[in-house]
Structures are given as structure tokens and as C-alpha cells.
Amino acid sequence: MGNIAQLFTDSVYFHHGLDRRRTEAYALHCHHFYELFYFVEGDASYLVEGVEYVPAPHSLLLISSNVFHGVRVESDRPYERYAVHFDPAFLPAEERKLLLSPFHDAAKPKDIYFTDADRFGIQDFFEQLMSCAGMHADIRDVSLRIRLGALLSQLLHMSRTIHRAEGEERPRQTVERIIGYLNAHIAEDISLDELSARFFVSKHHLNKIFRKATGTTVGNYVIHKRVALARQLMMQGETANAASLSAGFGHYSSFFRAYRNIYGHAPTERGTTPAESS
């Protein structure tokens, strides 16, 4: 494969490559080095321990040591990438575990692949590594160690930022699904046990994420929705008792108490309160 620029030492190999020739098979290999591939453009795919990755422009792929992997160029379009291979022993011993944690904490295949890495300026860090090529040997290794550490530090920051955002998004999506289900079945019997089983989340955690997203509990949400539905049915001509049953209240007394707590008067009385006018 062609190189625009490269840097080679006993502990670090860096290259900025550009190829325009399709390859027929994956160039599979395995070694003790860690690798970072920053994909710029082209049609290529990476095979890592049997999982195929088709990188988008400005994406980053992490390869741990002793992992079987390879790349295949899928067309004659220009295939441009940056790659750095490094011996973990090159990193300072006291920083090694932390800097390598994005590689080792990857629990799922998607955890080693990051899109939109340019948002974190990753390419600039690769360029800084490349600038070490023109240095004298006595300072080159020091600069390489510092700049590789900076790249891995930025990778760690990117990994934590993205995974934190994903971790916040998952509960929000779960709550949205729960709310959708509640609104579709508001007049039916609904229990926390049923919701817990349906959405694969414990009752404690369900209430926790629901309260954080909505400001109230599941039970309070359901009561307010049922009272509002019953009030609408009453305005359409149904009796209070019939409306309460249609809205999902098992007993009129439960509806009566809930209605009075929310609106400040009995269902059969008219009144104007902030709750009613809002």
C-alpha cells in the first residue's frame, strides 16, 4: 500500500496512506501492537475477529493487541487513511492502563468504532505525530511518547463523551416508549410489574428514569391522564360514573378523590382553577 508519509521506530509505526487499487481479499494478520486507524475517504472494509466494519469518512477504529484483523480495498477510488501502530510498553507505566482503557473496555463490537471523530480533532493529533519524523533521534522518541499520549488522551476523552451521551440517550428512549405505551393503554389495567417485564427494566430503575425524565412517578402520570380523559368524556355528555369507568378507574370513589385533588372540586361541580385554565 502506498504511503504519503511514514515514520518507523522500534516501538511506533505511523503512516499516512493513499491507495487507488482494489484488493481481492483481507490482508489478515495478528501481532502484539495496538493500532488506531483514522479513515479519511474511499471504499474499504476492515475485518476484526470476524466482525466487518465499513468505515464512514472521519471515523476511527481501535485494534487491540493480539487481535486477528485485516483490511480490504473495495474499489479503485482513492483510499486514504492514517494509522499508528505502537508497542504498549512505549507508554509510561503509570499512565498505560488509563490510556489503553478504550481498547480494553470495549464490551461490544461497536465499542471499537467511532464515527465523526473529526468533531474531536483526531486528525490533528495524527498530524502532530507525523511531524516527529523530521526530528533528531535524541528528541524524537520523547516527542513521540508525548504526542502519542496526547492522541490516546483525546481518544479516551472522545470515548467517554460518546458513551456517556449514549448512556443518557438509552433511558430517554426507554421512557419515550413507556409513555407511548401508557397513552395507548391508559384505560386498561397497568402495573409496574407489567411495565417492568415489557420493557426489561427493574421497577426501581423504571421509576427512577421515569421521574428523571417527566418529573413525576408512573402512577401519578397514569392518574392525571385518566382524570383528563374522564373529564373530556364528561364534557362530551357521559356521566361522571360512566366516564370514570371508561377512563380506567375501577371505582368511582378513586376517580372522585383523584379529580378533587387535581381540580379542587368534585367531578359534578363546575369551577375555575389554575389547573383547569392551564
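In this predicted model, the side chain of D19 makes a polar contact with the side chain of R81, at 2.7 Å. D19 is part of strand β2, which covers residues 12-19. Its relative accessibility is 13%, so D19 counts as buried, the cut-off being under 20%.

D19 and R81 recur in the surroundings of G2. Once neighbours within four places in sequence are set aside, G2 is in contact with G17, L18, D19 and R81. G2 itself lies in the segment before β1 (3-8). Between G2 and G17 there are 5.6 Å in space, C-alpha to C-alpha, and the two are 15 residues apart in sequence. G2 has a relative accessibility of 27% and therefore counts as partly exposed.

Strand β3 spans residues 34-41. Of its 8 residues, 7 are buried, so β3 is largely enclosed by the rest of the structure. β3 pairs with strand β8 (residues 79-86) in the antiparallel sense, over 7 bridges. Within this pairing, Y34 has F86 of β8 as its bridge partner. β3 is also joined to strand β6 (residues 59-63). Here the strands run antiparallel and 5 bridges link them. F37 and L61 of β6 are bridge partners.

A further set of strands forms an open sheet. It has 3 strands, in the order β5-β4-β7, with antiparallel pairing. The edge positions are taken by β5 (51-53) and β7 (69-73). Each has a single partner strand, so one side of each is left without a neighbour in the sheet. On average, neighbouring strands of this sheet are turned by 20 degrees against each other, direction ignored. β4 comprises residues 44-48 and pairs with β5 in the antiparallel sense over 3 bridges. In this pair, V48 stands opposite V51 of β5.

Nonpolar packing was examined next. The largest nonpolar core holds 47 residues. L36, L60, F126 and L148 touch the most other members of this core. Its largest share, 7 residues, comes from helix α4 (residues 137-184). F126 has contacts with F14, L36, Y38, L60, Y82, A83, V84 and L151, leaving out residues up to four places away in sequence. Two of the residues touched by F126, L36 and L60, are thus again among those that touch the most other core members. A second core is separate from the largest one and has 14 residues. Its members include L195, L206, I209 and V222.

V222 of the second core is also one of the buried residues of helix α7. The others buried in α7 are V218, Y221, R226, V227, A230, L233 and M234. This helix runs from residue 218 to residue 235 and has 18 residues. From its first C-alpha to its last, α7 reaches 26 Å, close to the 26 Å expected at 1.5 Å a residue. G237 follows α7, with a positive phi near 115 degrees.

Methods:
Residues are numbered from 1 along each chain as its sequence is written. This is a predicted model: local features need pLDDT of at least 70, side-chain atom pairs count only at pLDDT 80 or more; totals for chains, interfaces and linings use all residues. Side-chain values use heavy atoms; hydrogens and water are left out. Two strands pair if DSSP finds at least two bridges between them. Helices (H or I, at least four residues) and strands (E, at least two) are DSSP runs, numbered from the N terminus. Axes are lines fitted to C-alpha atoms, for helices over the stretch in contact, and angles run from 0 to 180 degrees between N-to-C directions. The expected span of a helix is 1.5 Å times one less than its number of residues. Buried means under 20% relative accessible area, exposed over 50%, partly exposed in between (1.4 Å probe, protein chains only). A polar contact is a pair of N or O atoms within 3.5 Å; within protein, one must be able to donate a hydrogen and the other to accept it, and residues adjacent in sequence count only if both atoms are side-chain atoms. Contact means heavy atoms within 4.5 Å. A nonpolar core is a set of buried Ala, Val, Leu, Ile, Met, Phe, Trp, Tyr and Cys residues joined through side-chain atoms within 4.5 Å.
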